[in-house]
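Let's take a walk through this structure, one piece at a time. Keep the 3D view open and turn it as you read.

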Amino acid sequence: MSHHIVEFKDVFFRYPDGTEALRGVSFRITHGESVGVVGANGAGKSTLLQHMNGYLLPSSGTVIVGDLPVTAKSRREIRRKVGIVFQNPDDQFFMPTVFDDVAFGPLNLGLDEAAVRERVLRALTTVSSLDLQDKPPHHLSCGQKSAVAIASVMAMEPDILAMDEPAANLDPRSRRLLIGLLKTFRHSKIVASHDLDLILDVCERCIVIGNGRVVADGPSGRILTDKSLLEANSLELPLSLQRR
Amino acid sequence: MTFDERYFDIGRLDRLSYGQTLVHRLDPRAKVIATFLFLLTVVSYPKYEIVALAPLFLYPVLLMTLGEIPVRFIMRKVLFVSPFAVFIGIFNPLLDPGTFAVLPGVHVSAGWISFASILLKFALTISAALLLIATTSFPGVCHALRRLGFPALFVSQLLFLYRYLFVLAEEAMRIIRARDMRSFGRRGTGMRVFGRVVGILFLRTVDRAERVYYAMLSRGFAGDIPSLRRSRMAPADLMFLLLMAVFLSGLRFFPVTEGIGRMAQEMFG
């Protein structure tokens, strides 16, 4: 299967206020790869993710998902393929109960009742939150909310999973569970994060973004040990690699 | 009550709806229709009616008992919104001073009677509405409305109101805490700061709305909020509606209270 591909070809993006967020980003992520995207605050990570399912369209250049270029027309099709998990689960979790929220995507795909039910239960089982299904979101903890947010995207069975800061707000144990969970997914994964240890654990490849450009792209093992490269981009060595 | 406590009290109403009693298990649509009929009946009584309204309290009391809803909680909530009703009716005694009845020694004016009638109708309608939510849950009511043919836009607005009420309250709580922590004594709690707090809350809300919409689009949103059919009208639900209709029309069209009074007179008099 060669269609789970994300390719950025010389992508530029300028916000309406004139900020140039992306200035010629090019990379290619192939099937089943898991890629970490790191960079300083404001380097363009979130903007990059928002290009992956056509929420933002490039000012110039192309984004290709599978074999489709992302355009205003192909957006709906693309959104079936790329699932995005947001940084703040409250933004993503908009239905009144866990079950309804996870069912929202599959129902929009036009599946029938039995199929929706099956997908919801499977997705909730994957993130071990089955017992939360009738709870309203304001009675959940932050860790539970982010598990549900992941389930709600998994239920759409996307080919590619993109996540923005998935471990922010999680306590160490929930973070550890999340890392374990991410490792079991065989999707192509793109994880934007400042949590370099998480990236080192989950992603075999790492892209460093700085000032809207790709500064470095290579195996996580090499990039995340390159102290001078990291420090030049407001990052530092992953904690697990720092000697005290 | 501080802001924090008041906020956590909102959540209590829908925690009650997790119950598993007979009333909770009725189809939400049946309960919505029953409540609607009840409200219609209550407001259909004429302006000076008091006596005939009394037996209608049977409905909220039964619902509370069967649904295991704490009476004091519902009464507190009813009291909490009661100023609205009081202000609507408070001038009636002045505007309508004609004598309505003469109790030994006291002239009761028609205005007082209609004021009392307003308060009774208010207590009946509000407690019925609260009980509907406490036994059905707010989203349950919304989905019932959608399936009864209410427009999608209207129902999704209601659902969002419910969902983001809590998020917004939390946001407001954080801003207010941050303000209180750095304002000493009176300084910093004045109107000008308050205005800015509201402004910030508004801006944050707009930002959030945009992110939520993005999240919805990412999951294939195309205008209608879909819902799974999770219930079917069972014989028990139809029975409940039938009983409700008989109960309400019986009270409305036959002078039940008067009848009971007559009977008592005959038995004891």
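Start with helix H8 of chain B, residues 138-147: in this predicted model, eight of its ten residues are buried, so the helix is largely enclosed by the rest of the structure. The buried ones are B:Phe138, B:Pro139, B:Gly140, B:Val141, B:Cys142, B:His143, B:Ala144 and B:Arg146. Notice that the list takes in B:His143 and B:Arg146 as well as B:Phe138 and B:Val141. After H8(B) comes B:Gly149, with a positive phi near 100°.

What does H8(B) pack against, and at what angle? One partner is helix H7 of chain B, residues 110-136; the two axes are 6 Å apart and the packing angle is about 100°. An angle between 65 and 115 degrees counts as roughly perpendicular, so that is how H7(B) sits relative to H8(B). On the H7(B) side the contact is made by B:Leu132, B:Ile133 and B:Thr136, and on the H8(B) side by B:Phe138, B:Gly140 and B:Val141. Sort those by class and you get four nonpolar residues, two polar and no charged ones.

While you're in chain B, have a look at the loop between helix H4 (58-66) and helix H5 (71-89), where B:Glu68 is placed. B:Glu68 has a positive phi of about 55°, although it is not a glycine. Most residues other than glycine have a negative phi. B:Glu68 is partly exposed, because 15 other C-beta atoms lie within 10 Å, and a residue needs 20 or more to count as buried.

Now for the nonpolar interior. The largest nonpolar core has 74 residues, and the members that touch the most others are A:Val37, A:Val102, A:Ala151, A:Ala162 and A:Ile199. Helix H6 of chain A, residues 142-154, gives the most to this core, with seven residues. Apart from this core lies another one, of 29 residues, among them B:Val23, B:Tyr59, B:Val141 and B:Ile225. In soluble globular proteins, nonpolar side chains tend to be buried together. To see how the larger core is knitted, pick A:Ala151: leaving aside residues up to four places away in sequence, A:Ala151 touches A:Val102, A:Ala123, A:Leu124, A:Thr126, A:Val127 and A:Ser129.

A:Val102, A:Ala123 and A:Leu124 turn up again where H4(A) meets H5(A). The axes of these two helices come within 9 Å and cross at roughly 125°, which makes H4(A) oblique to H5(A). The crossing is right-handed. H4(A) contributes A:Phe99, A:Val102, A:Ala103, A:Pro106 and A:Leu107 to the contact, while H5(A) contributes A:Val116, A:Arg119, A:Val120, A:Ala123 and A:Leu124. By class that's nine nonpolar residues, no polar ones and one charged.

How do the two chains meet? 26 residues of chain A are in contact with 25 residues of chain B. On the chain A side, helix H3 (89-92), helix H4 (98-108) and helix H5 (113-126) each supply at least two residues. H4(A) gives the most to this side, with six. The chain A side as a whole divides into 13 nonpolar, eight polar and five charged residues.

For a close-up of that meeting place, go to A:Asp91 in helix H3 of chain A. Is A:Asp91 buried or exposed? It is buried, because 20 other C-beta atoms lie within 10 Å, and 20 is where buried begins. Setting aside residues up to four places away in sequence, A:Asp91 touches A:Phe86 along with B:Arg208, B:Arg211, B:Val212 and B:Ala215. A:Asp91 and A:Ala149 are 58 residues apart in sequence, yet 9.4 Å apart in space, C-alpha to C-alpha.

Finish with A:Leu230, in helix H10 of chain A, residues 227-232. A:Leu230 is partly exposed, with 19 other C-beta atoms within 10 Å. A:Leu230 and A:Val38 are 192 residues apart in sequence and 9.4 Å apart in space, C-alpha to C-alpha. Residues up to four places away in sequence aside, A:Leu230 touches A:Leu235, A:Glu236 and A:Leu237. In the segment after H10(A) you'll find A:Ser234, which has a positive phi of about 60° although it is not a glycine. A:Ser234 is partly exposed too, with 14 other C-beta atoms within 10 Å.

Methods: Residues numbered from 1 in each chain as written. Chains lettered and ligands numbered in written order. Predicted model: local features only at pLDDT ≥ 70, side-chain atom pairs only at ≥ 80, totals over all residues. Core = buried A, V, L, I, M, F, W, Y, C linked by C-beta atoms within 7 Å. Buried ≥ 20, exposed ≤ 12 C-beta atoms within 10 Å, placed from the backbone. Helix = DSSP H or I, 4+ residues; strand = E, 2+ residues; numbered from the N terminus. Contact = placed C-beta atoms within 7 Å. Nonpolar A, V, L, I, M, F, W, Y, C, P; charged D, E, K, R; others polar. Axes fitted to C-alpha atoms, helices over the stretch in contact; angles between N-to-C directions. Parallel < 35°, antiparallel > 145°, perpendicular 65-115°, else oblique. Left-handed = near helix turned anticlockwise from the far one by under 90°.
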